[in-house]
Amino acid sequence: MACAVQTGEGHAFDVLAERYAARIYQHLYRIVGHRQEAEDLTQESFLKAFRAIQQYDASREFRSWLYAIATNTGRNALRARGRRGPMVSLDGEENFVPAGTENDTSDAQLRADRQAQLAEAMGRLPEHAAALVDLHYREGMSLREAAAVLGTTEGAAKVALHRARRQLRAWLIRDE
Amino acid sequence: MNMQCPEVKQQLEEHFDAGETLPGPLLAHLAACPRCMAYQRRLEALTQTFTQGPDVPPQLVQSVIRAVVEHSPSTRRPFALDLNPGWPAGRTPQSRPGAAGNILAAAVALVLAAIAGGYWLPFPNIDYAQWARPLWKAVTHFDSPDYPLASFETDLFGEGIFEAILEETAAAYSVVQNAALPLPVSPVTLTAAITAAALALLFFNLWETHSMTKRHLRG
Ligand SMILES: [Zn+2]
């Protein structure tokens with residue numbers, strides 16, 4: 001499909017956008033922690049990818065290539081902004097209440113709340129760690145592929161993921 | 001209860017990190033310990049949240065495609081006016097208004113110009129000259145010894161103007177044409193014809209570009 005874009009086939013790019021736009025948005029949201037910014041950065045990432053499509057090496061995984069562009073775009077945005085996403089104290093009421101235990105809260109609302117909590121917690125992690133957690137868990141990348149996207153080694157990624165998980169658990173799960 | 005709660009918690013975390021199913025002894029502890037069971041369910045919820053990802057704006061794909069179409073350098077078509085929003089390099093639409101479309105537009109413009117200029121009229125049985133006489137009337141003045149200040153008028157569709165000139169020439173010793181034969185088309189008509197041609201080409205391009213962009217964004 002990426003090759004079809006390279007050779008200028010009409011709807012090839014639209015197909016790529018349909019396949020990846022939502023996932024790239026979710027990735028960027030996890031990095032920058034802000035919906036509108038994530039949407040803008042998604043457009044920016046696709047624009048960069050489209051402009052650089054001739055440089056894409058078809059022997060590589062297209063997904064890795066696109067995610068590398070998006071991750072860099074997100075990191076640059078954070079650097080331009082000077083800091084990570086909105087810092088909200090997680091020491092208050094936040095906790096991962098399992099679904100079904102609060103009757104007055106719908107499942108959809110509960111999921112949205114959890115996503116917001118996670119976004120806040122992700123904002124406290126180093127940016128590469130947030131990207132790593134997302135690539136591994138949501139995108140389902142192996143540590144090796146995720147490490148390649150982030151330009152690091154598999155070993156370093158393994159250590160970083162372990163730390164990030166421990167940190168997120170400490171912030172988001174209170175043992176009662 | 002063989003295992004202590006802190007040990008169970010740690011093992012639960014390790015199993016979640018590794019994505020493994022829980023072994024029998026852990027399950028047995030959970031069944032008997034509400035506190036560890038609650039912790040296990042929170043771990044599950046957290047892992048699920050990692051995996052699910054946040055909600056996505058509904059128009060995201062369209063906005064991405066539009067951003068790419070709008071911000072990419074245009075690829076000029078060989079004959080068309082450069083009025084399209086710019087097809088990015090390498091992203092040529094499957095159909096585009098090319099030479100054929102422009103030739104068609106030019107032909108339409110030519111017909112319009114011919115009608116406006118009076119060179120060609122559809123339905124030759126209609127006496128256009130009758131109702132359009134003031135526009136097409138050509139007045140020519142001659143000056144000769146036998147026919148001082150002879151003048152006649154003709155029109156482009158009845159007696160031909162050249163035929164009239166020949167008749168007068170035969171009857172006169174010398175014929176001096178002291179008024180230049182008017183252009184078959186007046187400057188106003190000519191301007192109107194050119195404008196009509198340009199507008200036809202312009203509208204054809206705009207219309208086709210618009211419908212192509214719509215098709216493209218929809219597809
Ligand atoms: Zn216990």
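Reader: Which residues do ring pairs link into a cluster with Tyr20(A)?

Author: This is a predicted model, and its aromatic rings can be searched for pairs. Ring pairs in chain A build up a cluster. Besides Tyr20(A), its members are Tyr56(A), Phe62(A) and Trp65(A).

Reader: How many aromatic pairs are there over all chains?

Author: A pair of aromatic rings is described by the distance of the centres and the angle of the planes. A search of the whole structure, over all chains, gives the total. The number of aromatic pairs is nine.

Reader: Is the pair of Tyr25(A) and Tyr29(A) stacked or tilted?

Author: The two ring centres are 6.4 Å apart. The angle between the planes is 10°. Planes under 30 degrees apart count as stacked. So the pair of Tyr25(A) and Tyr29(A) is stacked.

Reader: Which helix holds both Tyr25(A) and Tyr29(A)?

Author: Tyr25(A) and Tyr29(A) are four residues apart, about one turn of the helix. An α-helix has 3.6 residues a turn, so residues three or four places apart point the same way. Both tyrosines are buried. Their helix in chain A covers residues 12-32 and is H2.

Reader: What angle lies between the planes of Phe204(B) and Trp207(B)?

Author: These two residues are three residues apart in helix H8 (residues 187-218) of chain B, so about one helical turn separates them. Their ring centres lie 6.4 Å from each other. The pair is tilted, and the angle between the planes is 45°.

Reader: Is Trp207(B) buried or exposed?

Author: Its partner Phe204(B) has 19% relative accessibility, so Phe204(B) counts as buried. For Trp207(B) the relative accessible area is 56%. The cut-off for exposed is over 50%. Therefore Trp207(B) is exposed.

Reader: Which residue lies over the face of Trp171(A)?

Author: Charged residues can sit over rings too. In chain B, Lys9(B) lies over the face of Tyr39(B), at 4.9 Å from the ring centre. Over the face of Trp171(A), at 5.0 Å from the ring centre, lies Arg124(A).

Reader: Which residue of chain A is in contact with Glu13(B)?

Author: Glu13(B) is part of helix H1 of chain B. Its relative accessibility is 17%, so Glu13(B) counts as buried. Leaving aside neighbours within four places in sequence, Glu13(B) touches Tyr39(B) and Leu43(B) in chain B. Its contact in chain A is Arg169(A).

Reader: What is the volume of the largest cavity?

Author: Rolling a probe the size of a water molecule over the atoms shows where empty space is left. A search of the whole structure yields four cavities of 30 Å³ or more. The volume of the largest cavity is about 70 Å³.

Reader: Which element gives the largest share of the lining of the largest cavity?

Author: The lining includes Tyr137(A), Arg165(A) and Arg169(A) from chain A, and Phe16(B) and Asp17(B) from chain B. Two or more residues each come from helix H8 (154-172) of chain A, and from helix H1 (5-18) and helix H3 (34-52) of chain B. By class, the lining has five nonpolar, one polar and three charged residues. The largest share, four residues, comes from H3(B).

Reader: Why is helix H7 of chain A largely enclosed by the rest of the structure, and how many of its residues are buried?

Author: Helix H7 of chain A spans residues 143-150. Among its buried residues are Leu143(A), Glu145(A) and Val149(A). Their cover includes helix H4 (62-81), helix H6 (127-138) and H8 of chain A. The helix is largely enclosed because, of its eight residues, the number buried is six.

Reader: Which residue follows H7(A) and has a positive phi?

Author: The phi in question is near 70°. The residue with this positive value comes after H7(A) and is Gly151(A).

Reader: Which residue has its C-alpha atom 7.1 Å from that of Gly123(A)?

Author: Gly123(A) belongs to helix H5 (residues 107-124) of chain A. It has 5% relative accessibility, so Gly123(A) counts as buried. The other residue is 91 residues away along the chain and is Val32(A).

Reader: How many strands does chain B have?

Author: Chain A has eight helices and zero strands. Chain B has eight helices as well as strands. From the N terminus, its elements run α-α-α-α-α-α-β-β-α-β-α. The number of strands in chain B is three.

Terms used. Residues are numbered from 1 along each chain as its sequence is written. Chains are lettered from A and ligands numbered from 1 in the order in which they are written. This is a predicted model: local features need pLDDT of at least 70, side-chain atom pairs count only at pLDDT 80 or more; totals for chains, interfaces and linings use all residues. Side-chain values use heavy atoms; hydrogens and water are left out. Buried means under 20% relative accessible area, exposed over 50%, partly exposed in between (1.4 Å probe, protein chains only). On a 1 Å grid over the protein atoms alone, a cavity is a set of points where a 1.4 Å probe fits but cannot get out, and a pocket is an open set with protein on both sides within 12 Å along at least five of seven lines; lining residues have an atom within 4 Å of a point. Grid points are joined across faces, edges and corners, and a volume is the space filled by probe spheres set on the points. Ala, Val, Leu, Ile, Met, Phe, Trp, Tyr, Cys and Pro count as nonpolar, Asp, Glu, Lys and Arg as charged, and the others, Gly among them, as polar. Contact means heavy atoms within 4.5 Å. Rings of Phe, Tyr and Trp (its six-membered ring) pair if their centres lie within 6.5 Å; planes under 30 degrees apart count as stacked, over 60 as edge-to-face and the rest as tilted. A charge sits over a ring if NZ of Lys or CZ of Arg is within 6 Å of the ring centre and within 35 degrees of the ring normal.
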